[in-house]
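Colleague: Could you walk me through how to read a few features of a model like this one? I would like the general idea each time, and then the case at hand.

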Amino acid sequence: MTISKVCMAILAMMMMVMMVAGQTYESYEGWQVVRVNLEHEKHVQLLSNWELDVWSRDSVLGVGLKDIRVNKTHVDNLKAMEMEYEVIIEDVESLVSSERASLAHRNEAADWFAAFHTYSEIVTQLKSYASSYPSLVTYNASIGKTIQGNSIPSVVLSGSGNNKKKIFWSCQQHAREWIASHTCMYMIDQLVTKYATDSSIKALLDKSIIHIVPLSNPDGYLYSWSSSRLWRKNRRANNGGTYGVDLNRNWNDHWGGEGSSGTPSSDTYRGTKAFSEPETVAISSYVLLNGPFSAGIDWHSYSQLILRPYGWSESTPYNEKEAKHVGDTMADKIYSVHKKQYDSIASWELYPTTGSAQDWYFSEASIPLSYTFELRDTGKYGFVLPASEIIPCGQENFAAAKYFIDYV
């Protein structure tokens with residue numbers, strides 16, 4: 001290489017460093033995550049007025065133990081109200097900064113699952129599976145466009161054989177839940193790369209057609225990389241200068257009820273109407289077009305839960321006994337791998353949620369075995385789970401997924 005070319009290469013590298021250094025990220029300086037005991041509805045109402053970032057399962061504030069992101073003023077108020085709380089993440093900014101530093105030094109030659117990946121890297125990996133395993137993987141570049149015009153990709157996995165049952169997985173409706181998309185990617189990887197060498201996996205794909213949307217919220221995910229790590233919603237511009245709709249409150253099943261908000265600034269803002277968002281329209285249309293499906297899972301984090309219908313009602317679905325058995329068995333399969341306890345319960349047992357994918361899959365798309373998974377962990381890292389957790393989280397959930405596919 002000539003001196004001039006060396007100089008040009010060095011200059012290009014310096015420009016990239018300057019661009020990264022000049023990137024504006026939302027700061028979480030002075031913020032902690034605490035687990036507070038909300039003993040009654042009065043406490044819930046008081047904290048609801050603070051418009052807090054709720055980290056507990058699906059960002060719903062209700063009676064019981066809740067993880068919330070707070071600053072010093074919030075902590076002082078909790079003390080003044082004599083509310084019990086425990087600090088579970090001492091310094092949110094330190095956690096996010098450490099993750100950002102590790103992302104800047106990823107080893108691209110290492111195992112793909114040794115690090116978290118960008119939207120474009122996920123797309124590239126999906127294409128790679130399709131090109132490397134054309135008889136097993138069908139890649140769809142876009143089942144629809146997001147509010148910002150990004151494509152929502154999907155894959156279909158299937159082996160040989162006839163009379164197959166169809167299964168649907170949607171992953172990471174919420175932007176900050178990075179482990180959800182990567183767990184789905186890990187399971188795709190295991191199914192296709194071991195098909196030729198593992199007879200049990202071959203048997204699963206030979207009896208099934210598995211449709212997977214690994215990243216349901218590309219806009220929000222991109223924003224969580226570029227600007228605000230803890231962003232949850234999509235990136236719709238709302239009235240009043242706020243952004244985002246909670247996609248998992250936007251489905252047309254008991255839309256607008258408890259567990260969602262009509263306030264655009266809220267993390268659980270449900271949108272102006274059911275299916276107001278192109279992302280939920282695209283995924284729901286895909287489900288109806290490619291069904292009927294025998295089973296489905298919507299993958300999220302965190303809390304280590306396996307949830308089944310209903311979220312909107314305490315009433316019992318027609319197949320509660322079977323759904324509970326399958327959920328409980330998946331929890332057992334997960335525990336057998338790394339001794340992580342996932343609780344299998346009906347969604348309403350935590351608190352009401354409405355307009356969710358899980359309930360729409362069950363009631364409107366007639367998917368009889370419909371679940372929401374909340375992945376690792378239980379609060380130590382919350383949404384900022386270290387990359388070292390990707391593989392073990394994938395391993396334990398793949399054990400559950402294998403049972404799920406076989407059961408169907």
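Colleague: Let me start with Tyr-221: is Tyr-221 buried or exposed?

Modeller: Happy to help, and please keep in mind that this is a predicted model. For burial, look at the relative accessible area, where under 20% counts as buried. Tyr-221 has a relative accessible area of 0%, so Tyr-221 is buried.

Colleague: Where does Tyr-221 lie, and which residues does Tyr-221 touch?

Modeller: Tyr-221 lies in helix α8, which runs over residues 218-226. Leaving aside residues up to four places away in sequence, Tyr-221 touches His-117, Thr-118, Tyr-119, Ile-122, Gln-172, Ala-175, Trp-178, His-182 and Leu-215.

Colleague: Which residues of α8 are buried, and what do they pack against?

Modeller: The buried residues of α8 are Pro-218, Asp-219, Gly-220, Tyr-221, Ser-224 and Trp-225. As for the general idea, an α-helix has 3.6 residues a turn, so residues three or four places apart point the same way. The buried residues of α8 pack against α4 (92-104), α5, α6 and α9 (278-290).

Colleague: Two of those helices, α5 and α6, also pack together; how are α5 and α6 oriented to each other?

Modeller: For a helix pair, read the angle and the axis distance together. Helix α5 (residues 119-132) packs with helix α6 (residues 178-193) at an angle of about 15°, and their axes are 11 Å apart. Angles under 35 degrees count as roughly parallel, and α5 and α6 are therefore roughly parallel to each other. The crossing of α5 and α6 is left-handed. On the α5 side, the contact is made by Ile-122, Gln-125, Leu-126 and Tyr-129, and on the α6 side by Ser-181, His-182, Met-185, Ile-188, Asp-189 and Val-192. By class, that contact of α5 with α6 has six nonpolar, three polar and one charged residues.

Colleague: And what do I get for α10 and α12?

Modeller: The axes of helix α10 (residues 320-338) and helix α12 (residues 390-407) come within 8 Å and cross at roughly 145°. The crossing of α10 and α12 is right-handed. Among the residues that meet there are Val-326, Met-330 and Ile-334 in α10 and Ala-399, Ala-400 and Tyr-403 in α12. The residues of the contact of α10 with α12 divide into 10 nonpolar, five polar and three charged.

Colleague: On to cysteines: which residues does a disulfide join here?

Modeller: A disulfide is a covalent bond between the sulfur atoms of two cysteines. Here, a disulfide joins Cys-171 to Cys-184, with an S to S distance of 2.2 Å. Cys-171 lies in strand β7 (residues 165-171) and Cys-184 in helix α6, so the pair ties together parts that are 13 residues apart in sequence. The torsion about the S-S bond of Cys-171 and Cys-184 is about -95°, so this disulfide is left-handed. Cys-171 and Cys-184 are buried.

Colleague: Why is there no bond from Cys-393 to the closest cysteine sulfur?

Modeller: The cut-off for a disulfide is a pair of sulfur atoms within 2.5 Å. The sulfur of Cys-393 is 9.8 Å from the closest cysteine sulfur, in Cys-184, which is too far for a bond. Cys-393 counts as buried, at 0% relative accessibility.

Colleague: What about the backbone: which peptide bonds are cis?

Modeller: Read omega for that. A cis peptide bond joins Ser-301 and Tyr-302, with omega about 0°, and the peptide bond from Pro-309 to Tyr-310 is cis too, with omega near 0°. Tyr-302 is in the loop between β9 (295-301) and β10 (305-308), while Tyr-310 lies in the loop between β10 and α10.

Colleague: And where is Gln-304, and what is its phi?

Modeller: Gln-304 is in the loop between β9 and β10. Gln-304 has a positive phi of about 60°, although Gln-304 is not a glycine. At 5% relative accessibility, Gln-304 counts as buried. Phe-275, also not a glycine, has a positive phi of about 55°, and the place of Phe-275 is in the loop between α8 and α9.

How values were computed: Residues are numbered from 1 along each chain as its sequence is written. This is a predicted model: local features need pLDDT of at least 70, side-chain atom pairs count only at pLDDT 80 or more; totals for chains, interfaces and linings use all residues. Side-chain values use heavy atoms; hydrogens and water are left out. Axes are lines fitted to C-alpha atoms, for helices over the stretch in contact, and angles run from 0 to 180 degrees between N-to-C directions. Helices (H or I, at least four residues) and strands (E, at least two) are DSSP runs, numbered from the N terminus. Angles under 35 degrees count as roughly parallel, over 145 as roughly antiparallel, 65 to 115 as roughly perpendicular and the rest as oblique. A crossing is left-handed if the near helix is turned anticlockwise from the far one by less than a right angle, and right-handed if clockwise. Contact means heavy atoms within 4.5 Å. Ala, Val, Leu, Ile, Met, Phe, Trp, Tyr, Cys and Pro count as nonpolar, Asp, Glu, Lys and Arg as charged, and the others, Gly among them, as polar. Buried means under 20% relative accessible area, exposed over 50%, partly exposed in between (1.4 Å probe, protein chains only).
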